Amino acid sequence: MFDLKNEIKVDKALSIGAISTNTTTAGDAITFNGFGSLTFVIQSGSLTDGTYTPKITDSEDGTTYVEVTDATKLLGTIANATFVATDDNKIKTLGYIGNKPYVKLSIVSTSVTSGGTLGATVIKGHPTSSPVA
């Protein structure tokens with residue numbers, strides 16, 4: 001049996017909340033400090049309508065973020081991590097393997113009239129020092 005708990009750190013990436021308009025819901029700034037890998041775990045609650053597309057941005061300084069459009073910096077695809085109205089209570093993942101020290105996950109919602117609930121967690125792996133506190 002192997003120990004995973006002491007080799008990862010789990011943080012909030014996007015607060016769980018209702019999205020009821022066409023908007024971009026920005027997540028928290030995530031730092032790679034002390035870790036070599038990162039995976040976003042996006043979870044939906046009830047979705048009544050609309051499309052909810054993840055958007056990954058990265059930054060050198062934690063202030064100016066630029067959308068990651070290079071698919072080679074992602075593990076998984078934006079299309080496969082996108083939620084539609086029939087994706088109630090589902091979990092989708094998207095990994096980041098770029099080289100910037102700061103990353104954010106946002107959800108871009110379109111065709112929304114009543115909306116739905118989403119949130120996200122980030123799992124940081126490959127720590128430079130373990131066990132992880």
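Which backbone oxygen does the side chain of Ser 109 reach? In this predicted model, the side chain of Ser 109 comes to 2.7 Å from the backbone oxygen of Thr 21. Ser 109 belongs to strand E10 and is buried, its relative accessible area being 2%, a value that falls under the 20% limit for burial. Apart from residues within four places in sequence, the contacts of Ser 109 are Ile 19, Thr 21, Asn 22, Thr 23, Thr 51 and Tyr 52. Tyr 52 also appears among the residues with the most contacts inside the largest nonpolar core, which is described below.

The protein as a whole contains zero helices and eleven strands, and its pattern along the sequence is accordingly written β-β-β-β-β-β-β-β-β-β-β. The C-alpha trace spans about 45 × 35 × 25 Å along its principal axes. The radius of gyration is 15 Å, which agrees with the value near 14 Å that a compact globule of 133 residues would have. Of the 133 residues, 38% are buried. The exposed surface comes to about 7200 Å², and 54% of this area is supplied by carbon and sulfur atoms. Among contacts with a separation of 6 or more, 83% are between residues 24 or more positions apart.

Five of the strands form an open sheet with antiparallel pairing, in the order E1-E11-E4-E9-E7. E1 and strand E7 (74-75) occupy the edges; each has a single partner strand, so one side of each is left without a neighbour in the sheet. Within the sheet, E1 is joined to E11 by eight bridges in the antiparallel sense, and Ala 18 stands opposite Thr 117 of E11 in this pairing.

Strand E4 (residues 35-47) pairs with strand E11 (residues 116-127) over ten antiparallel bridges. Several positions mark the course of this pairing. Phe 35 has Pro 127 as its bridge partner in E11, Thr 39 stands opposite Ile 123, and Ser 44 stands opposite Leu 118. E4 is also joined to strand E9 (residues 91-96), again in the antiparallel sense, by six bridges. Thr 39 takes part here too, standing opposite Gly 95 in E9. Thr 39 thus has a partner in E11 and another in E9.

The largest nonpolar core comprises 24 residues, and those with the most contacts inside it are Leu 38, Phe 40, Ile 42, Tyr 52, Ile 56, Tyr 96 and Leu 118. Two or more residues of this core come from each of strand E1 (9-19), E4, strand E5 (51-59), E9, strand E10 (102-110) and E11. The contribution of E4, at four residues, is the most that any element gives. In soluble globular proteins, nonpolar side chains tend to be buried together. In a regular strand, side chains alternate between the two faces of the sheet.

Phe 40 illustrates the contacts made by a residue of this core. Setting aside residues up to four places away in sequence, Phe 40 touches Ala 13, Ile 30, Ile 56, Lys 92, Thr 93, Leu 94, Val 103, Lys 104, Leu 105, Thr 121 and Val 122. Ile 56, one of these partners, is likewise listed among the core residues with the most contacts. Leu 118, another residue on that list, is the residue that Ser 44 faces across the E4 and E11 pairing.

Three positions in the backbone were notable for their torsion angles. Most residues other than glycine have a negative phi, and most peptide bonds are trans. Asn 89 has a positive phi, near 55°, although it is not a glycine. Asn 89 is situated in the loop between strand E8 (83-84) and E9 and is exposed, with a relative accessible area of 63%. Ser 111 likewise has a positive phi, of about 55°, without being a glycine. Ser 111 is situated in the loop between E10 and E11 and is exposed as well, with a relative accessible area of 59%. The remaining position is the peptide bond from Ser 130 to Pro 131, which is cis, with omega near 10°. Pro 131 belongs to the segment after E11.

Terms used. Residues numbered from 1 in each chain as written. Predicted model: local features only at pLDDT ≥ 70, side-chain atom pairs only at ≥ 80, totals over all residues. Heavy atoms only, no water. Pairing = 2+ DSSP bridges. Core = buried A, V, L, I, M, F, W, Y, C linked by side-chain atoms within 4.5 Å. Buried < 20%, exposed > 50% of the residue type's maximum accessible area, 1.4 Å probe, protein only. Contact = heavy atoms within 4.5 Å. Polar contact = N/O pair within 3.5 Å; in protein donor to acceptor, adjacent residues only side chain to side chain. Rg over C-alpha atoms; globule rule 2.2 N^0.38 Å. Areas by Shrake-Rupley, 256 points an atom, 1.4 Å probe, with all protein chains shown as cover.
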